[in-house]
Amino acid sequence: MEDLVAIIHFIVLGLSLAAPIGPMNIEVFKRGLTEGLLSSWLVGLGGMSGDMILLISILFGFRDFMQSTVILYLMYSIGIVMLSYLGITSIFAALNSEFSNLEFARRKSQNAFLAGFTISLANPISLVFWFGVYGTSLQVVTSTHSIIYSMFCSLGIILGLFLWNLNLVLTVHFSKRIINEKIMRGITLFAGITLLCFGIQFIVRFIELLF
């Protein structure tokens, strides 16, 4: 019973990482509205893949390396470029006359997985969670249990991430049926501005890290 409670605890941790409004959820939501189910799902899978890399790095003792100054500089730089790019392209897409053109959307969906993967790895919020909350919880577990048990707990957190992504993707997919093009343009424009603001926030934090 105690083991089951511990695994449920990690599933809830996964949900707590995925649920807050941030660049990942905004991008999944925007892609679901403008490009369809597959594109938004690929963003979510890309994000989960990035999270799994951070999880594995903690599980196998690469915590100090992932938190080194050089790696942080690299992650911030990639995050600034990606979020600024996504924000600007979303703004232009919302104002583009080809907004409702399926061929236009299909071309854009090709980088969906990469976008989710990059946002996940370069998001300081994710780094704080993984190396703070998750790292501390994992230390408590590994001090009293085997590495195999720790891996099962880690799978619990991945399951939490998966369940939230599935919920968000399906919610957007079915709700878009009642949303007209004008509203979709507005949401896409808002998402673009928000992503661009996240990019600017990354720039400010990067400058603070430098000085």
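Phenylalanine 117 sits partly in the open: in this predicted model its relative accessible area comes to 24%, so it counts as partly exposed, between the 20% that bounds buried residues and the 50% beyond which a residue is exposed. Phenylalanine 113 falls in the partly exposed class too, with a relative accessible area of 36%. Both residues belong to helix H7, where 4 residues, or about one turn of the helix, separate them. Their rings form an aromatic pair of the stacked kind, with 6.5 Å from centre to centre and 10 degrees between the planes. Helix H7 itself covers residues 112–121 and has the highest mean pLDDT among the elements of the protein, at 87.

Stacking is just one part of the aromatic picture, as the structure holds 3 aromatic pairs. Another of them brings together tryptophan 41 and phenylalanine 162: the ring centres are 5.7 Å apart and the planes meet at 75 degrees, which is over the 60 degrees needed, so this pair is edge-to-face. Here the partners come from distant parts of the chain, with tryptophan 41 in helix H3 and phenylalanine 162 in helix H9 (residues 147–175), 121 residues apart. Tryptophan 41 is partly exposed, at a relative accessible area of 22%, and phenylalanine 162 is partly exposed as well, at 31%.

Helix H3, which runs over residues 37–59, also carries aspartate 51. This acidic residue is a bit of a loner: aspartate 51 is buried but makes no salt bridge, and the nearest side chain of opposite charge, that of arginine 205, is 14 Å away. Leaving aside residues up to four places away in sequence, aspartate 51 touches Leu17, Ser120, Ser126, Trp130 and Leu161.

Then there is helix H10, made up of the 30 residues 181–210. At 1.5 Å a residue it should span 44 Å, and the C-alpha atoms at its ends lie 43 Å apart, so the two values agree. Buried residues are found at several places along H10, among them Met184, Thr188, Ala191, Leu195, Phe198, Phe202 and Phe206. Two glycines, Gly192 and Gly199, are on that buried list as well.

How far can the model be trusted from place to place? Across the protein the mean pLDDT is 78, with 81% of residues at 70 or more. Helix H6 (residues 102–108) is the weak spot, with the lowest mean pLDDT of the elements, 47. Over residues 101–107 the pLDDT stays under 50, and the model gives this stretch 6 contacts beyond four places in sequence.

Note on methods. Residues are numbered from 1 along each chain as its sequence is written. This is a predicted model: local features need pLDDT of at least 70, side-chain atom pairs count only at pLDDT 80 or more; totals for chains, interfaces and linings use all residues. Side-chain values use heavy atoms; hydrogens and water are left out. pLDDT is the predictor's confidence in each residue, from 0 to 100. Contact means heavy atoms within 4.5 Å. Buried means under 20% relative accessible area, exposed over 50%, partly exposed in between (1.4 Å probe, protein chains only). Lys and Arg count as positive and Asp and Glu as negative; His and the chain ends are not counted. A salt bridge is a side-chain nitrogen of Lys or Arg within 4 Å of a carboxyl oxygen of Asp or Glu. Rings of Phe, Tyr and Trp (its six-membered ring) pair if their centres lie within 6.5 Å; planes under 30 degrees apart count as stacked, over 60 as edge-to-face and the rest as tilted. The expected span of a helix is 1.5 Å times one less than its number of residues.
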